[in-house]
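Colleague: I should like to learn how to read ring contacts, pockets and helix packing in a structural model. Could we take these topics in turn?

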Amino acid sequence: MRIRAKHSAALASALVIALAGAARAEPDLDAKLVINGDLEMTTIAPAPAHLEGALGDNVISGWHYRDAATRQMETDDFENPAMSAVDEALAAWDTVDGSEGKSCADCHGAIEEGMKGVTAVLPKVTEAGALWSAEDFINDCRTNRMGAEAWDWDKDPMKNMTAAIALQSRGMPVNVAIDGAAAPFWEQGKEMYYTRYGLLQLSCANCHEQNNGNYIRADHLSQGQINGFPVFRLKNDGLVSIHNRFAGCVRDTRAETFSKGGPEFHALELYVASRGNGLAVEGPSVRP
């Protein structure tokens, strides 16, 4: 135990030193994200009052922290590599699946109409009092309406569909509810955000609040906004879900992570989404 404690302290001290001495590069706040030449996105917005100044005056999309080449890929759907996944989801939307002989379109109609604005208000509390993300609603439809098998939270069919659904809210402001029935989940998520995890004893806030704009190794730390999810990560050559990114961050602290789709990450998703209230939904976005 003594050796483990010394090892933990050494790792934590090394990372603190790394963060303290990290090179800093301010995000390019003069850049404008205009998609397909006509849809200008709100990538900088007044910080929500509930942040109580934690991020200063403005919340800033992670798009501003990326290099020019990566930013460019998001400005044109022909360059955005996530659009092939969207095309697959659009085909699945109209495909009959399950024992009930239904497709998504049979209940919801055209995706452009049925899913417009949905991503902007997720996650949200259901009438039954559960906090649900997009993936929960998708699987509820599949199992209870279509009689089809639930999709794995982190496999391509699910990620593709969440990307296609997010696309229908593109440009709309994130506006998740944090009061009423959502309040206890939001408080849980906030507590998680400021809790230090793992051998490195790091919280979300240590990187995305105290050190945004700094580099840790090759990673330019942003505010950690999730208005662009699901994102196409170039390093992964594929779509990445919100909970997958959460799991990766927790693992980076040298901690055992929580389950994707579990209650902990649902609460964290609500809190982190609320930090970006006012930013435009960008999903599916492009990140390195």
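**Rings, a pocket and a helix**

Modeller: Let us begin with a charge over a ring: Arg71 lies over the face of Trp63, at 5.4 Å from the ring centre. Please bear in mind that this is a predicted model.

Colleague: How many aromatic pairs does the count come to?

Modeller: Two rings pair if their centres lie within 6.5 Å. By this rule the count comes to 7 aromatic pairs. One of them joins Tyr197 and Phe258, with 5.8 Å from centre to centre and 85 degrees between the planes, an edge-to-face arrangement. This pair links distant parts of the chain, 61 residues apart. Tyr197 belongs to the loop between α8 (183-193) and α9 (204-208), and Phe258 to the loop between α10 (242-252) and α11 (263-274).

Colleague: Why is the pair of Phe258 and Phe265 edge-to-face?

Modeller: Planes over 60 degrees apart count as edge-to-face. The planes of Phe258 and Phe265 stand at 80 degrees, with the ring centres 5.7 Å apart, so the pair is edge-to-face.

Colleague: Is Phe258 buried or partly exposed, and is Phe265 buried or exposed?

Modeller: Buried means under 20% relative accessible area. Phe258 has a relative accessible area of 25% and is therefore partly exposed. Phe265, at 0%, is buried.

Colleague: Which residues do ring pairs link into a cluster?

Modeller: The cluster consists of Trp186, Tyr193, Tyr194 and Tyr271.

Colleague: Turning to pockets, what lines the second largest pocket?

Modeller: One may ask about the space, then the lining, then its chemical character. The second largest pocket holds about 400 Å³ of space. Its lining comprises 24 residues, and His108, Met115, Phe137, Ile138 and Cys141 lie nearest the centre. At least two lining residues come from each of α4 (104-108), α6 (134-145) and α7 (156-167), while α6 gives the largest share, 7 residues. By character, the lining of this pocket divides into 16 nonpolar, 4 polar and 4 charged residues.

Colleague: Which residues of α10 are buried, and what do they pack against?

Modeller: For a helix, one identifies the buried positions and then their partners. In α10 the buried residues are Ile242, His243, Phe246, Ala247, Gly248 and Val250. The buried residues of this helix pack against β10 (238-240) and α11.

Colleague: What is the sign of phi at Arg254, which follows α10?

Modeller: The phi of Arg254 is positive, near 70 degrees.

Technical notes
Residues numbered from 1 in each chain as written. Predicted model: local features only at pLDDT ≥ 70, side-chain atom pairs only at ≥ 80, totals over all residues. Heavy atoms only, no water. Phe/Tyr/Trp six-rings, centres within 6.5 Å; stacked < 30°, edge-to-face > 60°. Helix = DSSP H or I, 4+ residues; strand = E, 2+ residues; numbered from the N terminus. Buried < 20%, exposed > 50% of the residue type's maximum accessible area, 1.4 Å probe, protein only. Lys NZ or Arg CZ within 6 Å of the ring centre and 35° of its normal. 1 Å grid on protein atoms, 1.4 Å probe; cavity = no way out; pocket = protein on both sides within 12 Å on 5 of 7 lines; lining within 4 Å. Points joined across faces, edges and corners; volume = space filled by probe spheres on them. Nonpolar A, V, L, I, M, F, W, Y, C, P; charged D, E, K, R; others polar. Contact = heavy atoms within 4.5 Å.
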